[in-house]
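Reader: I am new to this structure and would like to be guided slowly through one part of it, with each term explained as it comes up. Please start with the whole and then move to the part.

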Amino acid sequence: MNDQPTGPGPDPKVLRLIRKYDLEGVGDELEARWTHPENRTSLRALADSFNERVLRAALDDADVETITDDVSRLYALLDGAEGSRGEQTAARRRLERAGVDVETVRAEFVSYGAIRSYLTGHRDASLPETDEDARATESRTIEGLRQRTVAVTESKLARLRDTDQLQLGSYRVLADLQVLCEDCGRQYDVATLLETGACECGDQ
């Protein structure tokens, strides 16, 4: 799929950066690595790889000469994944002296959620069938347990009511399973979460 502008509304952040830095072929590479049937790359690893590409492009625009290992190390320092606070500060100052707008570049780094949104929403990519099958199987198991919980609860309430140990009018038992992502604070119905395969954590 060509990385052309989408319809109404803002384009995905990943797509905007691909166009801004002329990262031709990166979209195809991201999709191929994510959907590989035997050696699939995680969304987090893809986000790190993409961010390194963005950093390298920004450095090229500023005529900063680097080698591959240097870019990887710089990204880890700017992202806070490696190095001491002093090393991270030194890396930022070094780039600023070279004319790089460090804060702008750091703001352009994308999350794994942004990569997922780009792949699934813009490129219509999906995970290998085996992953979907695994989630579907677990979803059926959870649904069976939910239904059993409802049935057992209804039976217990009916027994208590029929023996005059509980006063209760017409009723229905509801069992709603929710998943709260503590990283982003968003709550999801478990069936919906398993169907989509990911939360919106960090989506930009």
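How many positive and how many negative side chains does the protein chain have, and what distance lies between the centres of the two sets? After that, please look closely at helix H7 (residues 112-122): which of its residues are buried, and what covers them?

Author: This is a predicted model, in which local features need a pLDDT of at least 70 and side-chain atom pairs count only at pLDDT 80 or more, while totals for chains, interfaces and linings use all residues. Residues are numbered from 1 along each chain as its sequence is written, and side-chain values use heavy atoms, with hydrogens and water left out.

To take the charges first, the protein chain carries 27 positive and 40 negative side chains, and the centres of these two sets are 6 Å apart. Lys and Arg count here as positive and Asp and Glu as negative, with His and the chain ends not counted, and each charge is placed at NZ of Lys, CZ of Arg, CG of Asp or CD of Glu.

The protein chain holds 9 helices and 2 strands, which are DSSP runs numbered from the N terminus (H or I over at least four residues for a helix, E over at least two for a strand). Read from the N terminus, the order of the elements is α-α-α-α-α-α-α-α-β-β-α. The C-alpha trace spans about 85 × 40 × 35 Å along its principal axes, and 31% of the 204 residues count as buried, a term that means under 20% relative accessible area, whereas exposed means over 50% and partly exposed lies in between (1.4 Å probe, protein chains only).

Turning to the helix you asked about, 8 of the 11 residues of H7 are buried, so this helix is largely enclosed by the rest of the structure. The buried residues are Tyr 112, Gly 113, Ala 114, Ile 115, Arg 116, Tyr 118, Leu 119 and His 122. Their cover includes helix H1 (13-20), helix H2 (26-35) and helix H3 (43-61), where contact means heavy atoms within 4.5 Å.

Two of these buried residues, Ile 115 and Leu 119, also appear in the largest nonpolar core, which has 43 residues, and together with Val 14, Leu 30, Phe 50 and Leu 55 they touch the most other members. Such a core is a set of buried Ala, Val, Leu, Ile, Met, Phe, Trp, Tyr and Cys residues joined through side-chain atoms within 4.5 Å. At least two residues of this core come from each of H1, H2, H3, helix H4 (68-78), helix H5 (85-97), helix H6 (102-108) and H7, and H3 gives the largest share, with 9 residues. Leaving aside residues up to four places away in sequence, Phe 50 touches Ile 115 as well as Val 14, Leu 17, Ile 18, Leu 23, Val 26, Leu 30 and Val 110.

Just beyond the helix, the surroundings change. Asp 124 lies in the loop between H7 and helix H8 (129-162), and its phi is positive, about 55 degrees, although it is not a glycine. Most residues other than glycine have a negative phi. With 61% relative accessibility, Asp 124 counts as exposed. Asp 22, in the loop between H1 and H2, likewise has a positive phi of about 55 degrees without being a glycine, and at 61% relative accessibility Asp 22 is exposed.
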